Amino acid sequence: IDVFGNGQNAYVKEHVPEMLVNVVGAINNPEECDRLIADGKVDLISMAKQLHADVNFANKCKAGQADDINRCVRCTYCYPGGVDKEDFRVVLAPKPMPMPKPGEKMNMEPKMTADPNLKGLKAFHSRYAGPIPAMPVCTVNPEYGLKLPEGGWPVVETSRKILVVGGGIAGMMAAITASDRFHQVTLAEAAPSLGGQINFTEHAAYKEDLWNYRNLLIRRVEKRRIDLRLNTPVTPELIAEIQPELILAAVGSIRKPLEVPGAEHAVHILDIYTPEFAPGKRAVVIGGGMYACEAAIHLAEQGTEVTVLKTRTPDLKDSYPTPATEWKLETLGIPYVEDVDLLEITQGGVQTAGGFYPADAVAYYAGSRANKELVAAITDMAGAIPVQSIGDCKSAGNVATGIRNAYVAAMEIH
């Protein structure tokens, strides 16, 4: 969510024109740097998280390769937070770690007790009041915070034939990485374009950074010697033609259904970003995590009156509303109702144990699961050829988890 805007601190110079001003704050592209300096608003530009996203930011600018920069998406996964070492599941800790007193050891146990005096989203955040010991992670740079295997990555002695099935974020990352390691890569995507689930960002104004990242990966695929095949679902005939030595399955996840009477009257939150979706005057979004809250904000900014209903389900650590999202919900006047017991969805709204919420449209997010069925089908087609799952079909997650396990899988091929 773009709460403050890039270069948010670039107003100081007008108050102290006689001083050199160095600005930092969500600046992730050279065009913004040039504009701020040319307009006389700042004298110097500093960066922090952007250099986690791409340590070669300055070098690429100097070399005229600005279109190859990983632009920070301001997800804050690099700090505070991290990724679980076992399954690459992103976890976050919104409150800073208290420093130990002299002679004391630092307490690395997360505090998960809620403050009884807090309500709504503030109470939600208080349940994650301590640090979660984990590795750092970046949504757009899989190398950031990644611990190298002992002895480094295996040396590629033979160029392998690799078939990557699925052209979403994970599939593209695997194809790019394997190609850079001198393997012979075929990337097959059943749809007419690359991008997968992240293609919805084309129609979400505050997802511009992720849309840029999707386009960046597409440019990288196109610049490499990758045999790209669109409109190409995997078949036994395709496998027989390519004769790969390894298949990397990046076939994504499956939406979990909303299990409540009348669920057919609701749409998945990704469907609200399609141009043909008409929300009407009032809408209800079911699911209190980050994805649902972003959907509510998207609808509210189109002029729809929105209510978010958080049901009695386990909190998703990788998708809870951030403080910035909370601020945006409050600014737009979007009610966030917790601990809701859903009874029924009708054509006119949502019936809960606590009352009826009228709505012209109902959207939901109930999580997702790895598409194990399609992986199993690909494995059957492959016969003796090994098949490895990457991205969401390995473990349903997000962009950060998907690109990281795809990168690792490609780096391990030798």
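The following legends describe close-up views of a predicted model of one protein chain.

**Figure 1. Overall composition of the protein chain.** The secondary structure of the chain comprises 11 helices and 19 strands. Of its 414 residues, 47% are buried. Among contacts with a sequence separation of 6 or more, 68% join residues that lie 24 or more positions apart.

**Figure 2. The open sheet formed by strands S14, S15 and S16.** Three strands, in the order S14-S15-S16, make up this open sheet, and their pairing is antiparallel. Strand S14 (342-346) and strand S16 (355-358) occupy the edges; each has a single partner strand, so one side of each is left without a neighbour in the sheet. On average, neighbouring strands of the sheet are turned by 15° against each other, direction ignored. Strand S15 (residues 349-352) is joined to S16 by 4 bridges in the antiparallel sense. Thr352 stands opposite Gly355, a residue of S16.

**Figure 3. Surroundings of Gly348 in the loop between S14 and S15.** Gly348 is located in the loop that lies between S14 and S15. Its relative accessibility is 36%, and Gly348 therefore counts as partly exposed, the range for that class lying between 20% and 50%. When residues up to four places away in sequence are not counted, Gly348 touches Phe356, Tyr357, Pro358 and Ala359. For one of these residues, Ala359, the C-alpha to C-alpha distance from Gly348 is 5.6 Å, with the two residues 11 apart in sequence.

**Figure 4. Helix H6 and the elements that cover its buried residues.** Helix H6 (residues 208-223) contains 16 residues. From its first C-alpha to its last, H6 reaches 23 Å, close to the 22 Å expected at 1.5 Å a residue. The buried residues of H6 are Asp209, Leu210, Trp211, Tyr213, Arg214, Asn215, Leu216, Leu217, Ile218, Arg220 and Val221. Their cover includes three helices, H3 (57-62), H5 (169-180) and H11 (399-411), together with strands S6 (184-188) and S7 (226-229). As background to this view, an α-helix has 3.6 residues a turn, so residues three or four places apart point the same way.

**Figure 5. The cavity found in the structure and the residues that line it.** A search of the whole structure identifies 1 cavity of 30 Å³ or more. The largest cavity holds about 70 Å³ of space. Its lining consists of 13 residues. Those nearest the centre of the cavity are Cys72, Cys75, Cys78, Cys138 and Thr139.

Definitions and conventions: Residues numbered from 1 in each chain as written. Predicted model: local features only at pLDDT ≥ 70, side-chain atom pairs only at ≥ 80, totals over all residues. Heavy atoms only, no water. Pairing = 2+ DSSP bridges. Helix = DSSP H or I, 4+ residues; strand = E, 2+ residues; numbered from the N terminus. Axes fitted to C-alpha atoms, helices over the stretch in contact; angles between N-to-C directions. Expected span 1.5 Å × (residues − 1). Buried < 20%, exposed > 50% of the residue type's maximum accessible area, 1.4 Å probe, protein only. Contact = heavy atoms within 4.5 Å. 1 Å grid on protein atoms, 1.4 Å probe; cavity = no way out; pocket = protein on both sides within 12 Å on 5 of 7 lines; lining within 4 Å. Points joined across faces, edges and corners; volume = space filled by probe spheres on them.
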